[in-house]
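Colleague: I should like to learn how to read a protein structure. May we go through some features one by one?

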Amino acid sequence: MIDWSSITITSPPILRNISTALFISIVRDKTNPEWDFVHFPYETQAVERCVKINHTLALKNPEFYKCCSGFCIDLLQKFSQDLKFTYDLYQVEDGAWGVVNANGTWNGLIAEVLNNKADLVVTSIKINSDRQTVVDFTVPFLETGIAIVVAKRTGIISPKAFLEPFDTVSWLMILLVSIQGAALAIFLFEWLSPYGYDMKMVPPRDHKFSLFRTYWLVWAILFGAAVNVDCPRGYTARFMSSVWAMFAVVFLAIYTANLAAFMITREEYYDLSGIDDKRLQNPMSEEPPFRFGTIPYGNTEAILKKNKFDMYMWMRKFNRTTVVKGVEAVKKGELDAFIYDATVLEYLAGQDNECRLLTVGTWYAMTGYGFALAKNSKYLSMFNRAMIQYRENGDLERFQRFWLQGACKPKHKKRNVSKPLDVNQFMSAFLLLGCGVLFTILVLLLEHIYFKYIRQHLEKTDKGGYLTLISLSMGKSLNFRGAVQEATDIITHHKCKNQVCDTTLRKTQHDLHLAQLKIRELQAMNNMMGIKVIPEKQELKSTEPFKTRDMTHNMIITNESEPGYKSNPLHSYGPHFIKTSTTLSQVAEIETVL
């Protein structure tokens, strides 16, 4: 049975020589005539002949036959009809095409002709210079060369897929120009604005804005992150932030649209340029190494051994015994590519039921197919004249269209249904997360290095608090005033989250109020008793020891350190401050009245 549906160029041969009137009468009368296929031209139908698959076994068992059909069988049948000869077909025992062995003898099809076992070689055997030295070839009936076949495979998304929507130059423009320029512009406008820094080196007490917080604002706007940010006060800085937000909207729209395209799995294949492709010339340059092969003892291997010896030595371990096995190895992923005759590979690619095979690159070592005869055979000229005639009248073209042309048609159509995503298809997301974790660890190490080694040096150099412009936290960590200010802000803005905390806070505030009243009471008593309270920060001048002593009071000059203050909440008066610091002071004693 012949499936005519795969032929789209020519009509079925059974209808080619039927007149229109006869065809209409068959349809009208609903007759089913018995066709005599002998009267139809054999160049337009599949001629089938039987071949003895093994000559030795065929001699023992005459019924040991295998039927075959194809381009060469049709062409042989036409030669038989035109040149008036009969033939018997058989297959060589070793299954080789014909190359020179190590001992100088030939094998395969060529050996059969040299040993006078066969008069004619009828197959897709290539014409090359080595074979032409021992046998004669007819005029080529097909042009061919060495080609490469590869298989389509489901593409695995690259781990760098999140970077692929833009090229390297675009990413550099965004990271090194756009983000840096926007952050510096926003902070500069805020520093110049009278509503912001007003060109001062220290920010206002209640204004939380710095260069690092500007970068945080820029990144948050760029990715639309729902995080807490500190906004600038100046109108120019706010306007610049709005412009950056518009840029972020356009950037995210373009990036998201392109990322969706790159995250879709696509059918990929090795787009080799030909035999001279670098992946074939240097297979070890790929990871894993590139695997390709051919079949041994054929023209392809002989040419590569002669012209591409390094490639020949590499591919020997990947060779397959037959073309079909080589193609199947490519489809299963055992080989990355298979090198063989171009016409045969294109035919197999067209007949692939899964439509996964395709030939790539340019053909190498262009040659042709011909029938081989014994050297100086008297039949060579007859075959050549007939072959040229078949080429001129279009018989060879009809054979080629019938047997070799046609695109593959899959038997089972793919269903357009969603499949669960494989982990390899979104590996880029995990890679991005891992890079973020590593970067965070690096920042943590830098923080420890800063507080352990760098901070003590900056304390000596940053007297004006200029580093506050870069980072508020860094500036506060370098001076006592910044620490006090930060603690005051925490106390001022502290809010309890439960009733226990709120009760404790009210009790502490009440105790503080009582302590303040006690301090005022003590100050009033001192004033009534004439006790002079010297200010805490007043220091004894260097000339005081040489003044005339006031004998109305007992004066004591001491070099003991003036006490600072330390909180003592257990004092009987309530929270009490005890002096602990060391500065020069005067202590006045109350004169005792005798």
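Modeller: We shall discuss a sheet, a pocket and several salt bridges in this predicted model.

Colleague: Let us begin with the sheet. How many strands form the open sheet, and in what order do they stand?

Modeller: The open sheet consists of 4 strands in the order E8-E9-E5-E10, and their pairing is mixed. Strand E8 (292-293) and strand E10 (357-369) stand at the edges with a single partner strand each, so one side of each has no neighbour in the sheet.

Colleague: In which sense do E5 and E10 pair, and over how many bridges?

Modeller: Strand E5, residues 142-151, pairs with E10 in the antiparallel sense, over 8 bridges. To follow this on the structure, one may look for residues that stand opposite each other. Isoleucine 148 faces valine 360 of E10, and leucine 142 has tyrosine 369 in E10 as its bridge partner.

Colleague: How many bridges join E5 to strand E9?

Modeller: E5 and strand E9 (residues 337-341) are paired over 4 bridges, in the antiparallel sense. Here valine 149 has phenylalanine 338 in E9 as its bridge partner.

Colleague: How many residues of E5 are buried?

Modeller: Of the 10 residues of E5, 9 are buried, so this strand is largely enclosed by the rest of the structure.

Colleague: I should now like to turn to pockets. How does one find empty space in a model?

Modeller: A probe the size of a water molecule is rolled over the atoms, and this shows where empty space is left. In this structure, the second largest pocket has a volume of about 1500 Å³. Its lining comprises 37 residues, and the closest to its centre are Trp216, Trp219, Phe439, Thr440 and Val443.

Colleague: Which helices each supply at least two residues of that lining?

Modeller: They are helix H7 (168-192), helix H8 (211-223), helix H9 (235-262), helix H17 (427-461) and helix H18 (472-476). H17 gives the most to the lining, with 12 residues. In terms of domains, domain 2 (168-263) and domain 3 (426-461) each contribute at least three residues to the lining.

Colleague: How many nonpolar, polar and charged residues does the lining have?

Modeller: The lining of the second largest pocket has 28 nonpolar, 7 polar and 2 charged residues.

Colleague: My last topic is charge. When can charged side chains pair?

Modeller: Side chains of opposite charge can pair when their charged atoms come close. The structure holds 16 salt bridges. In one of them, the side chains of aspartate 277 and arginine 279 meet at 3.2 Å, N to O, and both of these residues are buried.

Colleague: Which residue forms a salt bridge with aspartate 352, and where do the two residues lie?

Modeller: Aspartate 352 forms a salt bridge with lysine 331, with the closest N and O atoms 2.7 Å apart. This pair links distant parts of the chain, 21 residues apart: aspartate 352 is in the loop between helix H14 (342-350) and E10, and lysine 331 is in helix H13 (residues 323-332). Aspartate 352 has a relative accessible area of 7% and is therefore buried. Lysine 331, at 15% relative accessibility, also counts as buried.

Colleague: How many residues apart are arginine 401 and glutamate 397?

Modeller: They are 4 residues apart in helix H16 (residues 395-403), about one turn of the helix. Their side chains meet in a salt bridge of 3.2 Å, N to O. Glutamate 397 is partly exposed, at a relative accessible area of 47%. Finally, a network of salt bridges links Lys78, Asp82, Asp395 and Arg398.

Notes
Residues numbered from 1 in each chain as written. Predicted model: local features only at pLDDT ≥ 70, side-chain atom pairs only at ≥ 80, totals over all residues. Heavy atoms only, no water. Pairing = 2+ DSSP bridges. 1 Å grid on protein atoms, 1.4 Å probe; cavity = no way out; pocket = protein on both sides within 12 Å on 5 of 7 lines; lining within 4 Å. Points joined across faces, edges and corners; volume = space filled by probe spheres on them. Nonpolar A, V, L, I, M, F, W, Y, C, P; charged D, E, K, R; others polar. Domains from an automatic or database assignment. Salt bridge = Lys/Arg side-chain N within 4 Å of Asp/Glu carboxyl O. Buried < 20%, exposed > 50% of the residue type's maximum accessible area, 1.4 Å probe, protein only.
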